[in-house]
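Work through these exercises with the model open in front of you. Try each task before you read its solution.

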Amino acid sequence: MAENFYITTPIYYVNDIPHIGHAYTTIACDVIARYKRMKGYNVKFLTGTDEHGQKIQDRAAALNTTPRELVDNIHLNFKRLWKVLNISNDDFIRTTEERHERAVQAVFKKLLDQGDIYKGTYSGYYCVPCETYVAENNIAENKTCPQCGRPLKIVEEESYFFAGSKYVPELIKYYEQNLKAILPEIRYNEIMSFLKGGVHDQSVSRTGVKWGIPVPGDEKHVIYVWFDALINYMAALGYPDTNSEAFKNFWPSVRHMVGKDIIRFHCVTWPLILLALKINLPVEVIAHGWWTCDGEKMSKTRGNVIDPFKMVAEYGLDPFRYFVMREIPFGNDGNFSELALVGRINSDLANDLGNLLNRTLQMINNYCGGVVPECSNSNSDLSAMAQEVLTRVDDAINKYSFDNALKIIWEFISRANKFIDEHTPWVLAKDTSDESKAKLNYVLVNLYETLKLSGLLIAPFMPSTAQRIYSQLGISTAPVEELFKNFEWGKSAGNAIKKSEVLFPRIDVNEWQKARDLKQAEAKKPEEPEHEAEISIDDFRKVELRVAKIISAEEIKKSKKLYKLEVDLGYEKRTVCSGIKNFFKTDELVGKHVILVTNLKPAKLCGIESNGMILAASKKIDGNAEALTLVIPENLENIPLGSRVS
Ligand code: MSP
């Protein structure tokens, strides 16, 4: 019977577009899932989206849409990314799905019934972006959040509490007996000292938030988004039905991969809930580090957030997957630099792996008519190393040491490149003696087998490259569907190779740098646009745009930004307050034909009712307009006032 293996990513917030951090965790889980499948495990790999809470509610309000519409749209970006990144997840859970909401309410009710959830009052500092209360002793300077640095809000509300603190001694004991339950060690130590410092009961409901799962029997509360989110891991296995096949098979082997910033939720809150439910704790919680970009923290305002879609479009999927797994030791923070990515493409992929394939196939073509020759004994340094490599890679992957696993595979590839130079097959080919012929076959078979095994070993990291290698080696099976245990050295005689295009074309670094400098100079980078959710043509038609003429403009004394404008639509005149004072004098405006949004809800600005909005384009820095121009299409004055713009 195959052993079960259940691996999960965090579920991602849908208030934003996916970035490299999301891609990284998911690729790491994908590598593990693919590797374990190839080791014969029965794998379940889960990912999904975290769709409730204040953040989503606020974002939807800012976009003038409903939370439902927002999450229905944005979660698709994640699904699209996983397709682009060739992620082999078996399931994708959304916290707005019925199966999840049912599981969350079941947990809440059970804990309420057994007295582990009780009602009280909460007052404290709350960080809205992080959706979390911050303990007094953790508050950063100027009452800001220690996690994200943004200002905290004081919140007081009636709340349900989870009496997790009483399970803390049991949790400490569990960790003392399971030293590898939190990886790497630095995170284990961090959690242990946190637990030993004392843990309060946690608030697990909110009254101020509407977008969430209602507390069973007390609907003015919704369940706190983190309490809600963590349960996804069980919901995907059919919880509350703990007798379901999926739950019985996979829950005992559950492993969570997370970023270092969310380990307290996964290594304290979550296991305390599980202890209260009398359900086994995760076998491992593996915490990875954070990516910075060219040495700086990534942020939207800096405009340096790495977009995985872009990276894949520019450098190819497998080089990107390879780079993020190879570049930094898992668990550490690391720096993303495109130059380093180009360096790895040229050296590791094009030079080492690509050349080995190219040279080997070339020689099999030239010396053996494109068919793998017979060789009575192909035992060699390489075949001995192959066994070692399989064991060492297994060990590295079981420790989530992806960079080491790749280093070990590349030592093998480099050894094979050296093997060519040591045995000079081109010299052997010139000698027609039987002895030389046999030696040549021996060399070529060894190289062929090294490539075959390398294809297998890289399959979890670079599935399509592995497939391309297999196809060129003339092997008809798919490497990702192979089992490591079935690999046999020296059993490939007769395979007809199919040499085709090079695996990874080299990138000319000088040309690349020039093109990059040019791009940067041209760009003078507009801020990363805040994309709105997709709308239909019918949605767009709801915006009524018409041609209008400004007939008067006057200052509003109380306002630094606003002018009061009178506009003529032909069929009526209106007052509009417009934030363009810093960019025009009043007399520059009078007589201009402009485009007006005519069906905006009236708004009172500085005591004046504004009935519409004039279209303008602006250059914004840090949210403030630095330059602004009115949208005035050519010859607009020839179009009658009041005409519809579409
Ligand atoms: N919704 C919660 C998780 C709930 S799990 C029950 C959440 N979502 S998130 O979208 O904000 O973050 C998801 C993951 O992305 C986290 O593991 C976080 O560590 C990771 N990353 C976000 N930025 C990152 C980097 N710059 N680098 C690496 N990973 C980072 O938290």
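**Exercise 1. Find the ligand's polar partners at Ile11, Tyr13 and Asp50, and say how far away each one is.**

Step 1. Start with Ile11: one of its polar backbone atoms is 2.8 Å from a nitrogen atom of the ligand. This is a polar contact (a pair of N or O atoms within 3.5 Å; within protein, one must be able to donate a hydrogen and the other to accept it, and residues adjacent in sequence count only if both atoms are side-chain atoms).

Step 2. Go on to Tyr13, where a backbone N or O atom lies 3.2 Å from an oxygen atom of the ligand.

Step 3. Turn to Asp50. Here a side-chain N or O atom is 2.7 Å from a nitrogen atom of the ligand.

Step 4. Check the cover. On its own the ligand has 670 Å² of accessible area (Shrake-Rupley method, 1.4 Å probe). The protein covers 93% of that.

A note on the source: this is a predicted model, in which local features need pLDDT of at least 70 and side-chain atom pairs count only at pLDDT 80 or more, while totals for chains, interfaces and linings use all residues. Residues are numbered from 1 along each chain as its sequence is written, and side-chain values use heavy atoms, with hydrogens and water left out.

**Exercise 2. Describe the shell around the ligand: how many residues, of what kinds, from which elements?**

Step 1. Count the residues near the ligand (a heavy atom within 4 Å of it). There are 22, and the closest are Ile11, Asp50, Gly259, Asp261 and Trp291.

Step 2. Sort them: twelve are nonpolar, eight polar and two charged. Here Ala, Val, Leu, Ile, Met, Phe, Trp, Tyr, Cys and Pro count as nonpolar, Asp, Glu, Lys and Arg as charged, and the others, Gly among them, as polar.

Step 3. Map them onto elements, which are DSSP runs numbered from the N terminus (helices: H or I, at least four residues; strands: E, at least two). β1 (4-13) gives the largest share, four residues.

**Exercise 3. Classify two helix pairs by angle: α13 with α19, and α6 with α10.**

Step 1. Use axes fitted to C-alpha atoms over the stretch in contact, with angles from 0 to 180 degrees between N-to-C directions. Under 35 degrees is roughly parallel, over 145 roughly antiparallel, 65 to 115 roughly perpendicular, and the rest oblique.

Step 2. α13 (338-368) and α19 (509-523) pack at about 155 degrees, with axes 11 Å apart. They are therefore roughly antiparallel.

Step 3. The axes of α6 (185-196) and α10 (263-277) come within 11 Å and cross at roughly 50 degrees. This pair is therefore oblique.

**Exercise 4. Which peptide bonds before Pro184 and Pro240 are cis or trans, and where do these prolines lie?**

Step 1. The Leu183 to Pro184 bond is cis, with omega about -10 degrees. Pro184 lies in the loop between β7 and α6.

Step 2. The Tyr239 to Pro240 bond is cis, with omega near 15 degrees. Pro240 sits in the loop between α8 and α9.

Conventions. Near = heavy atom within 4 Å.
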